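Student: I have a model open and would like to understand its sheets. Could we go through them together?

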Amino acid sequence: MTNENSDPDNEYNHDQAIPPIISEVETLKDQLLEAEKKKEEYLTLVKSTRADFENYQKRILRDQANEKRFAHFQFTADILPALDNLDRALQAAKQSGANDPMVQGVSMVLSQVLDVFKRHGIQRIQAEGTLFNPNLHQAVMQVPSKDLPVSTVVQVLENGYTLHDRVIRPASVSVSSQAE
């Protein structure tokens with residue numbers, strides 16, 4: 001009876017099989033490290049893309065809110081000349097001493113328009129007696145004055161208006177200058 005294990009041709013040599021296995025394990029380790037590195041890169045990319053998208057969504061919502069808030073900006077700018085004419089008609093009637101029903105009617109219409117403006121966040125710029133502010137006022141003339149500090153609004157020539165925090169039209173004003 002022969003022992004199959006004693007046959008030198010049938011004997012499995014463990015020493016010869018180990019180097020290829022070690023080499024294969026090292027290759028697999030390298031591939032695993034490379035895959036983990038790529039996974040981290042992709043994870044970072046996904047996180048960055050998600051953050052960019054969330055910021056985009058927030059910006060779109062903010063832009064939509066601003067668009068809604070200032071939707072009637074142009075309409076208001078377009079109607080201001082008509083409002084100015086109502087105001088001029090009322091001032092002319094008051095200067096002439098008229099106080100008939102027509103003057104009262106114009107005054108009521110002007111008051112109603114200003115009330116509607118106020119409900120929608122549109123307000124007249126209060127200018128007379130304040131210091132000149134180039135963000136709110138447009139100086140069209142200077143008036144020498146000894147009584148007022150330099151750059152004080154002396155007279156409003158055309159009312160200015162704001163919509164919330166934006167200037168629709170600056171107030172045209174005359175400002176005080178140093179008396180000679």
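Student: Let's begin with Val153: which residue is its bridge partner in S6?

Tutor: Happy to help, and please keep in mind that this is a predicted model, where local features need pLDDT of at least 70, side-chain atom pairs count only at pLDDT 80 or more, and totals for chains, interfaces and linings use all residues. Residues are numbered from 1 along each chain as its sequence is written, and side-chain values use heavy atoms, with hydrogens and water left out. Strands here are DSSP runs (E, at least two residues; helices are H or I, at least four), numbered from the N terminus. Across in S6, Val153 has as its bridge partner Val175.

Student: How many bridges join S3 to S6?

Tutor: Two strands pair if DSSP finds at least two bridges between them. S3 and strand S6 (residues 171-178) run antiparallel, and the number of bridges joining them is four.

Student: Which strands stand at the edges of that sheet?

Tutor: The sheet is open, with three strands in the order S2-S6-S3 and mixed pairing. Each edge strand has a single partner strand, so one side of each is left without a neighbour in the sheet; these are S2 and strand S3 (153-158).

Student: Is Val140 buried, partly exposed or exposed?

Tutor: Val140 sits in strand S2 (residues 137-145). Buried means under 20% relative accessible area and exposed over 50%, with partly exposed in between (1.4 Å probe, protein chains only). Because its relative accessibility is 47%, Val140 counts as partly exposed.

Student: What is the order of strands in the other open sheet, the one with antiparallel pairing?

Tutor: Its edge strands, each pairing on one side only, are strand S1 (122-124) and strand S5 (166-169). The sheet has three strands, and their order is S1-S4-S5.

Student: Which strands does helix H2 touch?

Tutor: Contact means heavy atoms within 4.5 Å. Axes are lines fitted to C-alpha atoms, for helices over the stretch in contact, and angles run from 0 to 180 degrees between N-to-C directions. Helix H2 (residues 73-95) packs on the sheet with its direction at about 50° to that of S5, and the strands touched are S1, S4 and S5.

Student: Which residue in the S4 and S5 hairpin turn has a positive phi?

Tutor: Strand S4 (residues 161-163) and S5 pair in the antiparallel sense over three bridges. Tyr161 has Arg169 as its bridge partner, while Leu163 stands opposite Arg166. Two residues lie between the strands of the hairpin, and the one in the turn with a positive phi, about 55°, is His164.
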